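Me: Could you take a close look at the charged side chains and how they pair, and then set them against the strands and helices around them? I would like one connected account, with the burial of each partner kept in view.

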Amino acid sequence: MHFEFCILNSAFKYDLLVVGAGLYGAVVAYRAHKAGKRVLVIDRRSHTGGNCYCEENKGIFVHKYGAHIFHTSNKEVWDFVNQFVEFKPFIHSPLANYKGEIYPLPFNLNTFDALWGVKSAEEAKAKIEEQRLHIDHEPANLEEQALSLVGKDIFEKLIKGYTEKQWGRSCEELPAWIIRRLPLRFERNNNYFNDTYQGIPVGGYNPLIEGLLEGVEVRLDTDYFDHREEFDAMAEKVLYTGELDRFYNYRFGKLEYRSLRFEEEQLSQKDFQGAAVVNYTDRETPFTRIIEHKHFEDRGMDHTVITREYPMEWSEGAEPYYPINDERNTALYAKYRALADAETKYLFGGRLADYKYYDMHQVIEKALKSF
C-alpha cells in the first residue's frame, strides 16, 4: 500500500486526517507533515502513542499497556527512531515462575539446566528426545504440537498454563498452528530477541511520539465515529488505523480478539523481582506476567512500580490487543479487506486495520514504506 496525494482541493482544510495517534499513525503523519501536507491527527484516548504510551511515576517510566522493548535488525528503522530519542542498550531476559520455581527464558541451556541439571547441549537434546511425543499424524491440537516438539516437562511447566490463560481455553481445544515451532537454543543465551539493535528509549516512549508529531495538529479525547461525516469532509484523504470491522459497522460480523487488564501497584521497596518481566506459567495464578518497570531504565529510585497483566475475553468497548487469526476470523477479515482495498478516499494501516499482531519495528517499517 502506498499513499499518494493530489493537488489540494480547496474544499478541504487538511490534506490528511489520521485516525489514531499510535505508532503507525504518528509515523505517517510525520512523513506527510515533512512533505508539506496539512495533517490532523485525532485519537479517542487522552494521550498520544497508542499502546506504547508511558506514564512517569516519581522517576520511573511505566509502560501503561504492557512491556515494550524495541528491537530490530533493520538499520533504516533503527536510525529513524534514533533521530527523536536516545536509546539505552537493553537485553530482554524474561524469567518464568512455575509455582515458585524460576526458569530463564527463552528456552536455552540455562533453562534445561534449571529443569534437569544438564550441563551440555548433547544432554539437553537427549532429554528432550526422550520426552517428546512421537506421533505419526499431524498434531490435532496445540497440546500434541507442543509435546511433539519439546516433551512433557517443558510443556507442563512453561507452556501449558501460560498458554491456556493467554487464550482462555485448554491446550486440547486450541489449534496446533498457534505453536508452529518452538525455538530451542542449546547455548547459554538468555537474550530473548535475535535482532541486531535492541534498546529502550531514555525517558520512555513519549519523547519518540512527541518528536514524530511535532508541528502536527493533534486532537485528543476525540472519537472519529462521534462525528464521522464532519471529519471526512475536512480532509482529502483519511488514514484509519482502528478496527476494520468497526469502520464498516460490522457489516459481515465482528472480528475476535483477546484483551488484557492491567493492575498497577506502587511499592515502597527498592526492588520486587529483579527483572523487568516474569511470566507466571502455572494455570492457578490468574495473571500471566508481572512487569517491574524500573528495570527498563533504572534511575536508582527507592520505590518500584509493578503491573500484573491479566488476559481476558474481548467484547465491544474493551481494548483489542491480540487478533485471533483462526480460519473463521481470517476469512471474515478478507471480506473487510476487499472493501478497504476498493476505497479511494480512505487509507488503512496498522495493527488493528491489518488485523495482525506487529512488533513496534514492524509497524514503523510498514508506515515508512506506505507513504
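Reply: D113 is buried, with a relative accessible area of 18%, and this value falls under the 20% cut-off for that class. In this predicted model, the side chain of D113 meets that of K119 in a salt bridge, with 3.0 Å from N to O. The partner sits in another class of accessibility, since K119 is exposed at a relative accessible area of 54%. The pairing thus joins a buried acid to an exposed base. As a general point, side chains of opposite charge can pair when their charged atoms come close. A search of the whole structure finds 25 salt bridges, and a few of them deserve the same treatment.

One of these is the bridge between E164 and R283, where the closest N and O atoms are 3.5 Å apart. This pair links distant parts of the chain, with E164 in helix α6 (residues 152-167) and R283 in the loop between β13 (277-280) and β14, a separation of 119 residues. Here E164 is buried, with a relative accessible area of 7%, while R283 counts as partly exposed at 42% relative accessibility.

A further bridge connects E316 with K254, and its closest N and O atoms lie 2.6 Å apart. Because E316 belongs to the loop between β15 and β16 and K254 to the loop between α9 (244-247) and β12 (257-267), the pair ties together parts that are 62 residues apart in sequence. K254 is partly exposed, its relative accessible area being 35%. Beyond single pairs, R261, E263, E265 and R308 are joined into one network by salt bridges that share partners.

Several of the elements just named belong to an open sheet of seven strands, arranged in the order β8-β7-β13-β14-β15-β12-β16, with mixed pairing. Its edge strands are β8 (101-104) and β16 (322-323), each of which pairs on one side only. Within this sheet, β14 (residues 289-292) and β15 (residues 304-313) run antiparallel and are joined by four bridges, and E292 has I306 of β15 standing opposite.

Returning to helix α6, K160 also has its place there. K160 is partly exposed, with a relative accessible area of 24%. Leaving aside residues up to four places away in sequence, K160 touches E143, F155 and C171. Of these neighbours, C171 is buried, with a relative accessible area of 0%. By contrast with those contacts, the C-alpha atoms of K160 and W116 are separated by 18 Å, the two residues being 44 residues apart along the chain.

The cysteines raise the matter of covalent links. In general, a disulfide is a covalent bond between the sulfur atoms of two cysteines. The search of the whole structure finds zero disulfides. For C52, the closest cysteine sulfur is that of C54, 7.1 Å away and therefore too far for a bond, given that a disulfide calls for sulfur atoms within 2.5 Å. C52 is itself buried, at a relative accessible area of 6%.

A second group of strands, around β2 (residues 39-42), offers a view of uncharged side chains. Both faces of β2 are covered, with V39 and V41 buried on one side and L40 and I42 buried on the other. Strand β1 (residues 14-19) pairs with β2 in the parallel sense over four bridges, and L17 stands opposite L40 in β2. From β1 the chain crosses through helix α1 (residues 23-34) to β2, and this β-α-β crossover is right-handed. Strand β2 is also joined by three bridges to β10 (residues 217-219), again running parallel, and the bridge partner of I42 in β10 is R219.

The loop between β10 and α8 (228-232) holds another acidic residue, D223. At 19% relative accessibility D223 counts as buried, which means that its value lies under the 20% limit. A polar atom of the side chain of D223 lies 2.9 Å from the backbone nitrogen of F225. Not counting residues up to four places away in sequence, D223 touches R44, F231 and R246.

Definitions and conventions
Residues are numbered from 1 along each chain as its sequence is written. This is a predicted model: local features need pLDDT of at least 70, side-chain atom pairs count only at pLDDT 80 or more; totals for chains, interfaces and linings use all residues. Side-chain values use heavy atoms; hydrogens and water are left out. Two strands pair if DSSP finds at least two bridges between them. Helices (H or I, at least four residues) and strands (E, at least two) are DSSP runs, numbered from the N terminus. Buried means under 20% relative accessible area, exposed over 50%, partly exposed in between (1.4 Å probe, protein chains only). A crossover is right-handed if, with the strands pointing away from the viewer, the path from the first strand over the helix to the second runs clockwise. A salt bridge is a side-chain nitrogen of Lys or Arg within 4 Å of a carboxyl oxygen of Asp or Glu. A polar contact is a pair of N or O atoms within 3.5 Å; within protein, one must be able to donate a hydrogen and the other to accept it, and residues adjacent in sequence count only if both atoms are side-chain atoms. Contact means heavy atoms within 4.5 Å.
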